[in-house]
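Visitor: Please take a close look at one part of this structure, its helices, and go through them in a connected way. Add whatever helps to place the other residues you have values for.

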Amino acid sequence: MSEYIITKVKNSRLSSITMAKTLIREYSHTFPAVRGIQAGRPCYIAMCPMRIIPKIFIFDEEEVPAELRAQRILNKSRIPEISEYLISNPQDYTLSAITASVSEQVHFEPLADTGPAVNLGMLTLSMDAQILINDGQHRRAAIEEAIKASHELGHDHIPVLFFVDEDLKRSQQMFADLNKYAVRPNDSLSTLYDHRDPCAELARYVVENVECFRRLTDMEKSSLSNRSSKLFTLSSIKLASRSLLKKSAKDSASLEEKQIAASYWNEVCAHMPDWKAAERKEVSTADLRQNYVHAHGVALHALGLAGADLLSLKPKNWKKSLAKLEEIDWARSSSAVWEGRALMLGRLSKARTNVGLTANLIRKHIGIPLSAECLILEKQFTNG
């Protein structure tokens, strides 16, 4: 009889444990995951449906002092841009992983006890656990906004790298480490690789169809070293070509406009003897950068601005006017010409005012009347 009672009590306890485990599963998140080790600590990468990202990452740290946070305050101005990117490219977007810390131990159920599958399995996180984003808070906020506008995105997945959190100090260090070595690509490399940006497409077309640019443009760097054999950067050609066609950052250029831009720059190159000499390797590009204004982005940008007015005022015979570019004294040593325009105290300046004044000088030489806005700028220059 006593054995019967003992057995019944044991079964009752086992039933309670089973029920408890069931309740835990009901109040938890479970994801397929891969387990790994970083710095001697376990970490897990899981594919999470985007619709639950706003639910598992809930935070409101704006009122918390910086020393008690492990993240920067959300920059809300960044969210619409990322959200619009997701909504506009539902079949062709890319999101990098979110990195997060979990405040308590997680449960990982491997698919096998041995072999490669021992690190493949199901990751279970309690809904009561605090989950802190170390990297990706703006992605998280943008996902939430994007799903409101496009529910289909909620069925997509984003990788999340989970670490078991030790304390605030460790989380703060993770944030510092994750961002310390993050380097945004320069504008030339972004222009080269960005196939959504219409102005990047314009720049690549111009370089490909202007022989001088094709031979003398650095496609990766936005600034040239003294030893560089190139004369232009892709980013400077992008800016100059945008100005030439009067395009905003998001405006597309038609094939006809691209062809006009390429034709314009080919004609400009034809009346820049130093550029042609550099193309033939008869002169050092380093010497041109050191001694001439035309070898810098400020001049290229100004040529684009002046060219926009030329194409507008002389749509049929604009090429003849560009022959007068050869009459301009481009030497940096000609301070009477360039000081206050392209140069400030002998140093080249890309400031908007300096680019505008440089463009005014080019307009005068090629016979283009100055607009009212340009005349105001010239008056300020004369008086100043």
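Guide: What follows starts with a single helix, goes on to a pair of helices, and ends with two individual residues.

The model is predicted, and every value below is computed from it.

Helix 9 covers residues 234-245. Its 12 residues, at 1.5 Å a residue, should span 16 Å, and the end C-alpha atoms are 17 Å apart, so the expected and modelled lengths agree. Of those 12 residues, 10 are buried, and helix 9 is therefore largely enclosed by the rest of the structure. A residue counts as buried when its relative accessible area is under 20%. At the start of helix 9, the buried set takes in Leu-234, Ser-235, Ser-236, Ile-237 and Lys-238. Further along, Ala-240, Ser-241, Ser-243, Leu-244 and Leu-245 are also buried. After helix 9 comes Lys-246, which has a positive phi, near 55°.

The pair to consider is helix 7, residues 198-209, and helix 10, residues 255-270. Their axes come within 9 Å and cross at roughly 45°. That angle makes helix 7 oblique to helix 10, because it falls neither under 35 degrees, over 145, nor in the range 65 to 115. The crossing of the two helices is right-handed. On the side of helix 7, the contact is made by Glu-201, Leu-202, Tyr-205, Val-206 and Asn-209. Helix 10 contributes Leu-255, Lys-258, Gln-259, Ala-261, Ala-262, Trp-265 and Asn-266. By type, the contact residues of helix 7 and helix 10 comprise seven nonpolar, three polar and two charged.

Gln-173 is a residue of another helix, helix 5, which runs over residues 168-180. Its relative accessibility is 37%, so Gln-173 counts as partly exposed. Between the C-alpha atoms of Gln-173 and Asn-134 the distance is 9.4 Å, while 39 residues separate the two in sequence.

Outside the helices, Gly-36 belongs to strand 1, residues 28-38. With a relative accessibility of 23%, Gly-36 is classed as partly exposed, because buried would require a value under 20%. If neighbours within four places in sequence are set aside, Gly-36 is in contact with Arg-41, Pro-42 and Cys-43. Asn-119 is 83 residues away from Gly-36 along the chain, and their C-alpha atoms are separated by 7.1 Å.

Terms used
Residues numbered from 1 in each chain as written. Predicted model: local features only at pLDDT ≥ 70, side-chain atom pairs only at ≥ 80, totals over all residues. Heavy atoms only, no water. Helix = DSSP H or I, 4+ residues; strand = E, 2+ residues; numbered from the N terminus. Expected span 1.5 Å × (residues − 1). Buried < 20%, exposed > 50% of the residue type's maximum accessible area, 1.4 Å probe, protein only. Contact = heavy atoms within 4.5 Å. Axes fitted to C-alpha atoms, helices over the stretch in contact; angles between N-to-C directions. Left-handed = near helix turned anticlockwise from the far one by under 90°. Nonpolar A, V, L, I, M, F, W, Y, C, P; charged D, E, K, R; others polar.
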